[in-house]
Amino acid sequence: MFDTVLIANRGEIAIRVMRACRELGLRSIAVYSEADRDAPHVAYADAAFLLGPAPSAESYLNIPRIVEVARQSGAGAVHPGYGFLAENAEFARAVEAAGLVFVGPPAEAMERMGGKTAARREATAAGVPVVPGALEPIEELDEVRRLGAEFGYPIAIKAVGGGGGRGLRVVRDPAEIADAFASARREAEVAFKNGALYVEKYLDHPRHIEIQILADAHGNAVHLGERDCSVQRRHQKLIEEAPSPALSPELRAEMGAAAVRLAQSVGYVSAGTLEFLFQDGQYYFLEMNTRIQVEHTVTEQVYGVDLVKAQLRVARSEPLWLRQADLVPRGHAIECRINAEDAAHGFRPALGTVGAYREPAGPGVRVDSGVRADYTIPPFYDSLLAKLVTYGDSRDEAIARMLRALAEYEVGGLTTTIPFHRAALDHPVFRAGELSVNFIAQHPELIERAAALAPAPVASAEAAEPPAPPRNFTVEVNGRRFGVAVFGAGPAPAAATEPQPGAANGRRPAKKAAMAAQVDGVISPIQGRVAAVRAEAGQQVEAGQVLFVIEAMKMENEITAPHAGMIAEVHAQVGGTVEAGAVLATFSKL
Ligand code: MV4
């Protein structure tokens with residue numbers, strides 16, 4: 001039917017899909033952007049094609065270009081991986097219209113589950129419980145107030161187009177509704193180009209439990225149990241495991257049956273995931289992810305099923321070869337996401353160049369990686385470097401193996417989430433399996449412990465850049481001189497920094513640096529697009545006042561005034577892009 005698969009993705013998942021292709025005797029075609037010429041997924045493929053410039057919109061999100069390349073390459077099928085175009089029904093249609101097989105669900109099933117309120121209606125119709133709340137989008141604030149009075153506070157305002165926490169606002173008091181509604185709408189419009197919102201009762205200590213399903217093109221479907229993904233920060237999952245420490249075999253069977261029922265009711269085909277909140281023994285359907293997920297690995301380890309090969313076989317129209325009664329989890333698996341992020345500084349991205357690189361191995365260890373030694377990570381995409389998965393007969397064995405594997409893992413040159421994972425896996429609450437989605441927020445000692453475990457920066461020429469102490473610059477802006485204090489990650493100075501006066505070992509308390517400069521800067525801590533500018537020259541501002549909104553990874557980040565003062569000059573404009581460390585405005589103390 002097809003013997004060549006184009007993988008419309010990059011990084012570890014592209015390689016994961018190519019591995020499945022190779023085992024099935026299928027040729028794999030990589031695609032890449034100008035920033036990815038040197039990327040491992042390009043080297044792994046049987047052939048590779050350039051899509052276009054680095055920005056995703058011009059490469060990994062460019063539907064006509066990907067379809068054109070797929071045709072040129074002789075591919076018979078396209079696997080979208082996760083992210084990028086994986087849940088884009090228009091892409092699935094374009095692939096099919098070009099006479100190629102889309103390795104994923106039918107566009108129509110994606111659309112039926114695409115909108116959150118539509119998915120809630122589908123679930124309700126299939127007899128699957130949802131969180132109490134609206135089944136249709138809400139326009140009027142009075143309707144929100146009415147629902148708040150009905151369920152009691154807190155309530156959650158959510159984006160119909162949503163997912164990943166974008167557009168989510170928790171409202172604890174009716175007085176907050178108007179602001180929360182407006183800000184949720186703005187974020188939803190940016191992230192999903194759909195400002196529609198709805199309301200649910202807010203559950204305050206749920207677990208995130210998701211059910212993996214697999215459906216063929218002939219009406220057969222099974223579930224492969226659950227993953228517990230409660231360890232998240234700002235809706236980015238960090239640790240996932242299977243099975244969940246919270247589910248009994250009976251509940252697993254019940255939730256699994258509910259998930260299969262719902263998937264079948266919308267004509268779903270391929271691998272898919274149904275997300276639930278689970279609190280006080282009750283489960284509530286949240287949304288469906290119509291793709292292979294990052295954390296599919298833990299399910300593979302405990303069910304002994306290669307889900308990516310299963311997607312490819314189902315895409316070849318094979319009838320399902322698995323029987324529900326045979327699908328029993330064995331042992332326990334845990335995945336830690338190894339991201340280039342600095343947990344000690346709010347998990348901010350810490351992309352750069354990998355130096356020495358050595359992966360753990362040995363019993364019960366799996367690494368799905370998208371990097372290698374001496375590889376410079378392009379700053380255009382996400383910060384996931386690799387997934388470290390361990391498995392064992394018991395949860396305790398999987399944890400012990402994870403701690404051992406994390407200690408073996410060497411990623412030189414970059415700050416990664418490895419120290420955070422060592423702290424988390426060793427935490428008594430994690431060990432006890434008593435998790436809710438609030439785990440990280442409720443345990444700040446995790447971050448302190450992670451910082452203490454972080455490798456000390458190595459002071460050699462080849463070594464990674466050490467964490468940047470605050471630096472003072474004199475800058476000229478339109479011929480006018482300003483002193484600027486740069487805190488956190490900023491662009492490295494072009495020439496090696498000379499030791500600052502009075503700055504033994506290059507460090508200096510941030511406060512002192514700020515006071516030394518009468519004029520300092522409002523710095524963007526992240527790379528992103530300027531969504532709003534609320535500062536103008538000559539304006540007096542209060543400490544904490546929002547001056548800029550920077551959109552990065554589809555989240556709105558508010559940049560606030562570090563102290564009261566007066567804006568000198570504004571250097572960012574709406575719609576522009578800024579680098580991490582960019583001076584958005586200069587700013588003087590009064
Ligand atoms: C909720 C919730 C509590 N109550 N809905 C966040 C992302 C989005 N997929 C759903 N999310 C939540 N929805 C109600 N009615 C709590 C969360 C939530 C959450 C969910 C899953 C995993 C991590 C989370 C972290 C914070 C909040």
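This report walks through the sheet, the ligand site, a hairpin and several single residues of the structure above. The model is a predicted one.

**The open sheet**

Five strands make an open sheet, in the order S3-S2-S1-S4-S5, and their pairing is parallel. Two strands stand at the edges: S3, residues 47–52, and S5, residues 101–102. Each has a single partner strand, so one side of each is left without a neighbour in the sheet.

Take the S3 edge. Strand S2 covers residues 27–33 and pairs with S3 over 5 bridges, in the parallel sense. Ser 33 has Gly 52 of S3 as its bridge partner. Helix H1, residues 11–23, packs on this sheet. H1 touches strand S1 (4–7), S2 and strand S4 (77–79). The direction of H1 makes about 175° with that of S1.

**The S12–S13 hairpin**

Strand S12 spans residues 270–279 and runs antiparallel to S13, with 7 bridges joining the two. One of the bridge pairs is Phe 276 with Phe 285, the latter in S13. In regular strands, side chains alternate between the two faces of the sheet.

S13 itself spans residues 282–289 and is mostly covered. Of its 8 residues, 7 are buried.

The link between S12 and S13 is short on residues: the hairpin has 2 between the strands. Asp 280 sits in that turn. Is Asp 280 buried or exposed? Its relative accessible area is 61%, over the 50% cut-off, so Asp 280 counts as exposed.

**The ligand site**

The ligand has 16 residues around it. Which come nearest? They are Lys 158, Glu 200, Lys 201, Leu 203 and Gln 232.

Polar atoms of side chains approach nitrogen atoms of the ligand. For Lys 158, a side-chain N or O atom is 2.8 Å from a ligand nitrogen. For Glu 200, a side-chain N or O atom is also 2.8 Å from a ligand nitrogen. For Glu 287, a polar side-chain atom lies 3.5 Å from a ligand nitrogen.

How much of the ligand does the protein bury? Taken alone, the ligand exposes 510 Å², and the protein buries 92% of that. Three elements give two or more residues each to the surrounding shell: strand S8 (197–201), S12 and S13. The two hairpin strands, S12 and S13, are thus named here again.

**Buried residues**

Gly 256 lies in helix H9, residues 249–265. Its relative accessible area is 0%, so Gly 256 is buried. Leaving aside neighbours within four places in sequence, Gly 256 is in contact with Ile 211 and His 223. Gln 324 is 68 residues away along the chain, yet its C-alpha atom is separated from that of Gly 256 by 9.9 Å.

Asp 342 belongs to strand S15, residues 341–342. This residue has 14% relative accessibility and therefore counts as buried, the cut-off being under 20%. Not counting residues up to four places away in sequence, Asp 342 touches Phe 347, Arg 348, Ala 350 and Thr 415.

**Backbone exceptions**

Most peptide bonds are trans, and most residues other than glycine have a negative phi. The table lists exceptions of both kinds.

| Site | Backbone value |
|---|---|
| Tyr 153 to Pro 154 | cis, omega near 0° |
| Ala 242 to Pro 243 | cis, omega near -10° |
| Asp 280 | phi near 50° |
| Ser 317 | phi about 70° |

Where do these residues sit? Pro 154 is in the loop between helix H7 (141–151) and strand S6 (155–159). Pro 243 is in the loop between strand S11 (236–242) and H9, the helix that holds Gly 256. Asp 280 is in the loop between S12 and S13. Ser 317 lies in the loop between helix H11 (307–315) and strand S14 (332–339).

Ser 317 and Asp 280 can be set side by side for cover. Ser 317 has a relative accessible area of 34% and is partly exposed, whereas Asp 280, at 61%, is exposed.

How values were computed:
Residues numbered from 1 in each chain as written. Predicted model: local features only at pLDDT ≥ 70, side-chain atom pairs only at ≥ 80, totals over all residues. Heavy atoms only, no water. Buried < 20%, exposed > 50% of the residue type's maximum accessible area, 1.4 Å probe, protein only. Helix = DSSP H or I, 4+ residues; strand = E, 2+ residues; numbered from the N terminus. Pairing = 2+ DSSP bridges. Contact = heavy atoms within 4.5 Å. Axes fitted to C-alpha atoms, helices over the stretch in contact; angles between N-to-C directions. Near = heavy atom within 4 Å. Polar contact = N/O pair within 3.5 Å; in protein donor to acceptor, adjacent residues only side chain to side chain. Areas by Shrake-Rupley, 256 points an atom, 1.4 Å probe, with all protein chains shown as cover.
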